[in-house]
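Visitor: I should like to learn how to read the packing and the charged pairs of a protein model. May we go through one structure step by step?

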Amino acid sequence: MQVEQFLEHSAQRSPEKVALISGDNRYTYRQIDEDANRLAHAFIGAGVQRGDRLVIFLPNCYETVVSIFATLKAGAVFVVLNSTTKPDKVTYILNNCRASAIVTSGVKADTLSRCWSEAPNLQSVFMTGASELRTTAARSAGKDVISLEQVLQQTGNHLSLTKKCIDIDLAALIYTSGSTGRPKGVMVTHLNIISAATSISTYLENTSDDIVINFLPLGFDYGLYQLLMMFKVGGTLVLHDSFAFPNVAINKMIREKVTGFPIVPTISAILLQMDVSKFEFPNLRYISNTAAALPVEHIRKLRALFPHVKLYSMYGLTECKRVSYLPPEQLDIRPTSVGRGMPNEEVYIVDENGDRVAPGVVGELVIRGSNVMKGYWELPEETALCLKP
């Protein structure tokens with residue numbers, strides 16, 4: 001199985017169901033699947049080959065979602081970057097992964113004008129909001145500039161493409177933040193994504209009835225997996241730029257009858273500074289947290305504010321997506337625990353000799369499972385250290 005089949009199977013089962021809500025627009029599974037096919041044909045026509053890396057540098061929007069699945073349908077590897085990434089880091093990543101194409105916007109192209117000449121492997125620039133002025137620098141650097149709007153407006157090329165990959169092939173590179181040095185590309189295969197998405201959606205009990213809101217960048221793996229898991233189970237994803245205007249965000253949740261609310265501690269802190277009691281969330285089924293541990297006080301207050309909602313405290317690493325989760329019924333007993341290993345994964349502690357230790361002993365965490373990354377992009381020594389048997 002390949003990751004793009006999350007979309008394809010849902011489009012076959014429920015073609016007219018709303019899969020994505022972005023701004024005031026609603027998109028069905030059929031529409032997204034057909035547009036992803038159109039864009040995949042355009043990628044291949046521009047020279048993108050199986051295994052090529054394709055960078056997506058856009059905000060949370062429809063075009064980002066279509067580009068992710070189009071890249072997979074073309075047999076390529078998607079690299080989604082946070083839309084706030086600085087131009088010098090974008091250039092570094094373009095060169096590090098030797099991307100052959102990028103999808104971006106005319107607004108972003110203004111800030112990337114220097115990078116076109118500094119990324120020799122880059123051949124094609126797919127651009128939303130393309131204009132003669134905004135494409136000049138890229139064209140001058142020898143890049144082929146293609147209007148994304150024109151590709152998606154084509155009436156043909158909407159049929160499925162022949163599958164090119166198997167499950168051990170790369171599907172994505174997810175770059176770490178690079179807070180202590182250069183960003184590292186975490187190599188994620190189709191099997192890695194399918195395993196992680198299946199495991200997480202299993203313990204979250206996701207179904208096609210779920211409507212999950214996402215305030216997190218799709219370049220952040222926590223945000224990315226909200227999209228992947230919803231399309232896997234045939235649910236609906238509500239894309240929102242951020243939680244910067246919490247009243248607007250909360251009213252959106254209520255209006256769209258959201259059932260799943262992924263948060264990070266900063267969102268929790270904002271929520272707890274508000275008078276949330278004036279809102280009602282009759283459809284909300286669960287809240288999940290990762291990226292950093294929720295303070296115990298936050299857990300207590302969230303439980304009081306949302307007594308009918310399951311709160312999942314989770315622990316994860318980009319290198320394996322998710323490590324563990326604390327079942328909601330355990331929160332009151334052990335609120336500081338990282339919980340248990342998720343389904344189809346083995347997690348245990350070893351000492352300095354690599355031997356498993358008894359409960360209560362400090363040691364090194366070992367994670368085994370098909371969710372563990374293939375390695376770091378072109379960093380074999382660090383990969384070997386990370387992936388010890």
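**Packing and charged pairs**

Guide: Let us begin with one aromatic residue in this predicted model. Leaving aside residues up to four places away in sequence, Phe 231 touches Phe 6, Leu 7, Ser 10, Ala 19, Tyr 29, Ile 32, Val 65 and Phe 69.

Visitor: Which residues have the most contacts inside the largest nonpolar core?

Guide: In soluble globular proteins, nonpolar side chains tend to be buried together. Here the largest nonpolar core has 101 residues, and those with the most contacts inside it are Ile 32, Leu 39, Phe 69, Phe 126, Phe 231 and Phe 261. Helix H10, residues 221-233, gives the most to this core, with nine residues. Another core, of 26 residues, lies apart from it and includes Leu 81, Ala 109, Leu 122 and Ala 138.

Visitor: How many salt bridges does a search of the whole structure find?

Guide: The search finds 20. One of them joins the side chains of Arg 38 and Asp 35, at 2.8 Å from N to O. Both residues lie in helix H2 (residues 29-45), three residues apart, which is about one turn of the helix.

Visitor: Why are Arg 38 and Asp 35 classed as buried?

Guide: The class rests on relative accessible area, and buried means under 20%. Arg 38 is buried because its value is 10%, and Asp 35 counts as buried because its value is 8%.

Visitor: Where in the chain do the partners Lys 321 and Asp 221 lie?

Guide: Their side chains meet in a salt bridge of 3.9 Å, N to O. This pair links distant parts of the chain: Lys 321 is in the loop between strand S14 (310-315) and strand S15 (324-326), whereas Asp 221 is in helix H10, 100 residues apart. Both partners are buried.

Visitor: How is the pair Glu 297 and Lys 301 placed?

Guide: These two residues lie four residues apart in helix H13 (residues 296-305), about one turn of the helix. Their closest N and O atoms are 3.9 Å apart. Glu 297 counts as partly exposed at 37% relative accessibility, and Lys 301 likewise at 36%. Elsewhere, salt bridges that share partners join Glu 4, Glu 8, Asp 33, Lys 73 and Lys 163 into one network.

Visitor: Which side chain of opposite charge is nearest to Lys 252?

Guide: It is Glu 256, 4.3 Å away; Lys 252 is buried yet has no salt bridge. A salt bridge requires the nitrogen and oxygen to be within 4 Å. Lys 252 belongs to helix H11 (residues 246-255), and its contacts beyond four places in sequence are Ile 21, Gly 23, Ile 213, Val 238 and His 240.

Technical notes: Residues are numbered from 1 along each chain as its sequence is written. This is a predicted model: local features need pLDDT of at least 70, side-chain atom pairs count only at pLDDT 80 or more; totals for chains, interfaces and linings use all residues. Side-chain values use heavy atoms; hydrogens and water are left out. Buried means under 20% relative accessible area, exposed over 50%, partly exposed in between (1.4 Å probe, protein chains only). Lys and Arg count as positive and Asp and Glu as negative; His and the chain ends are not counted. Contact means heavy atoms within 4.5 Å. A nonpolar core is a set of buried Ala, Val, Leu, Ile, Met, Phe, Trp, Tyr and Cys residues joined through side-chain atoms within 4.5 Å.
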